[in-house]
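Q: I'd like a close look at one part of this protein, with a bit of the surroundings thrown in. Could you walk me through it?

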Amino acid sequence: FILKFNLNSFEKLKKNMPYNEIDFNHKTILITGGAGFIGSNLAFYFQNNYPDSYVVVFDCFRSGATFANGNLKSFGHYKNLLGFNGDVICGNITNKTDLELLRNYKFDYIFHQAAISDTRFYDQEIVMKTNVNSFYDLLKIAKQDNSVLVYASSAATYGNLPSPQTVGKENPNNPYGFSKYMMDQIALQYARENSEMTIVGLRFFNVYGPKEYFKFNTASMVIQLGHQILDGKTPRLFEGSEQILRDFIYIEDVIQANIRACNPKLNGVYNVGTGNPRSFQNISDILQKELGTNLGTEYFPNPYDGYQMHTQADISSSEKNIGFKPKVSLEEGIKTYVPEIVRLHGIDIS
C-alpha cells in the first residue's frame with residue numbers, strides 16, 4: 001500500500017504545473033549534459049508539459065572511461081532518456097567540431113548542465129578546460145542566437161565556509177568549485193557587457209531524486225543508503241552523523257529553479273537549496289521508515305580531514321529575483337523517491 005501511494009505521488013510530480021508564465025511550446029531548447037541527472041529531468045519536463053517544444057539534448061554519453069580516482073568521466077546514460085522524443089546529439093563540449101553541430105539550430109533557451117562535476121578529481125588543467133573554456137563557447141552561441149542561458153553553478157564554490165552559504169562569499173577548495181566560481185565571474189562580466197542578454201547561474205546544493213542512479217558512487221546518499229537497506233545491510237554512516245548537516249534538495253525543486261531562472265528580475269547567480277539543512281542520520285531514519293525496516297545504524301570514523309559539517313543555502317535572493325520557493329521536504333522527497341529506488345535495486349549499472 002505504501003509503495004502504491006508513493007508511486008502515485010511520483011506520477012503526479014512527473015508532470016508539473018508551469019512555474020512561470022513562459023510558454024515553451026514552439027521554442028527550441030538546448031540542454032547540454034542532457035543525458036545526465038538534472039539534464040534528463042529537464043528534457044522530460046519540457047516534453048511532458050510543453051509537447052510542442054523542440055528539445056535538443058547534447059551529451060558525450062558514458063564511455064566507461066574513468067579518472068585516476070576511479071570515478072567515471074561522464075555520467076550521461078542513454079537509459080535516462082528512454083521515452084525521450086526530441087533530438088539527441090552525441091558530442092563533447094570541449095570539441096569545437098562537435099559544437100559546430102549546434103549551428104544547425106537557433107536556440108531560444110540554453111540549459112548548460114555539462115561539466116566535470118567530480119569534487120575529488122584534482123587535475124586542474126582538465127577541469128578548467130572542460131568547465132571554463134567551453135563556457136565561453138556556450139556564451140557565444142547564446143549571444144548569437146539571442147538565447148536565454150541558464151547554467152549550472154555549484155555550492156562547491158563556497159568550500160568550507162560556515163553556514164549560511166551566501167552569494168558573494170566564496171572560497172572554493174577544489175578544482176571543480178574553483179571552475180564554477182570562475183564561470184560565475186565570466187557570466188557576470190558577460191552579462192554586464194551584453195545587457196540585452198539573460199544569463200543566470202544556479203548554485204545547486206545536495207540534489208537527489210530520479211535519474212541520478214547512473215552517477216554510480218557519486219550519486220546521493222539517499223539512493224546509496226536506500227540500496228544498502230534493500231540489500232539487508234545496516235546503513236553505514238560516519239560517527240557523529242546526526243551532527244553532519246546538508247541542504248538536501250529534491251530534483252523537482254531544482255527543475256522549478258531552472259524554469260523560474262528563465263525570467264529573472266536580475267541576471268546573477270542564485271542558490272538552489274531548501275535553506276533547511278538535515279542530517280545523514282535523518283536520511284537513514286526516513287528511508288527505514290518508508291522501507292519498513294529496523295536495521296539500526298553502523299558508525300565508522302570519518303576518514304576525511306577538513307570535512308564540511310554543515311551547509312545551508314541562503315535563498316533570500318533566489319526568492320526575490322527568480323521567485324524560487326522550495327516546496328518538497330526531505331520526508332516528502334524520499335517518500336516520493338522510494339518506489340524508484342526499489343525499482344532500480346539490483347539493476348545493472350553498466
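Is Cys 262 buried or exposed? And once that's settled, please take me on to the core and to helix α4 (residues 124-145).

A: Bear in mind that this is a predicted model. Cys 262 is buried, with a relative accessible area of 5%. Cys 90 is another story: at 51% relative accessibility it counts as exposed, because the cut-off for exposed is over 50%. The structure holds 0 disulfides. For Cys 90, the nearest cysteine sulfur belongs to Cys 60 and is 6.9 Å away, so there's no disulfide there, given that a pair has to sit within 2.5 Å.

Now for the company Cys 262 keeps. Phe 24 touches it, and Phe 24 also touches Ile 29, Phe 46, Tyr 50, Ser 53, Tyr 109 and Ile 259, leaving out residues up to four places away in sequence. Phe 24 and Phe 46 are both among the residues with the most contacts inside the largest nonpolar core, which has 70 residues. Others on that list are Phe 111, Leu 202, Ile 283, Leu 287 and Ile 334. Helix α2 (residues 37-49) gives the most to this core, with 7 residues. Apart from it lies another core, of 27 residues, including Leu 30, Tyr 105, Val 132 and Met 197. In soluble globular proteins, nonpolar side chains tend to be buried together.

Val 132 brings us to α4, as it's one of that helix's buried residues. The helix has 22 residues and reaches 31 Å from its first C-alpha to its last, close to the 32 Å expected at 1.5 Å a residue. Still, α4 bends by about 30° at Phe 135, and Phe 135 is itself buried. So are some polar residues of the helix, among them Thr 130, Asn 131, Ser 134, Asp 137 and Asp 145. What covers the buried residues of α4 includes the strands β1 (28-32), β4 (109-112), β5 (148-154) and β6 (199-204), plus the helices α3 (96-100) and α5 (175-193).

Have a look at the ends too. Asp 123 caps the N-terminal end of α4, with a side-chain oxygen 3.2 Å from the backbone nitrogen of Glu 125. After the helix comes Asn 146, whose phi is positive, near 60°.

One last stop is Gln 288, found in helix α8 (residues 280-291). Gln 288 is buried, with a relative accessible area of 7%. A polar atom of its side chain lies 3.0 Å from the backbone oxygen of Gly 296. Besides Gly 296, Gln 288 touches residues including Ile 229, Pro 235 and Leu 295.

Terms used. Residues numbered from 1 in each chain as written. Predicted model: local features only at pLDDT ≥ 70, side-chain atom pairs only at ≥ 80, totals over all residues. Heavy atoms only, no water. Buried < 20%, exposed > 50% of the residue type's maximum accessible area, 1.4 Å probe, protein only. Helix = DSSP H or I, 4+ residues; strand = E, 2+ residues; numbered from the N terminus. Polar contact = N/O pair within 3.5 Å; in protein donor to acceptor, adjacent residues only side chain to side chain. Contact = heavy atoms within 4.5 Å. Core = buried A, V, L, I, M, F, W, Y, C linked by side-chain atoms within 4.5 Å. Expected span 1.5 Å × (residues − 1). Bend = angle between axes of the 7 residues up to and from the residue.
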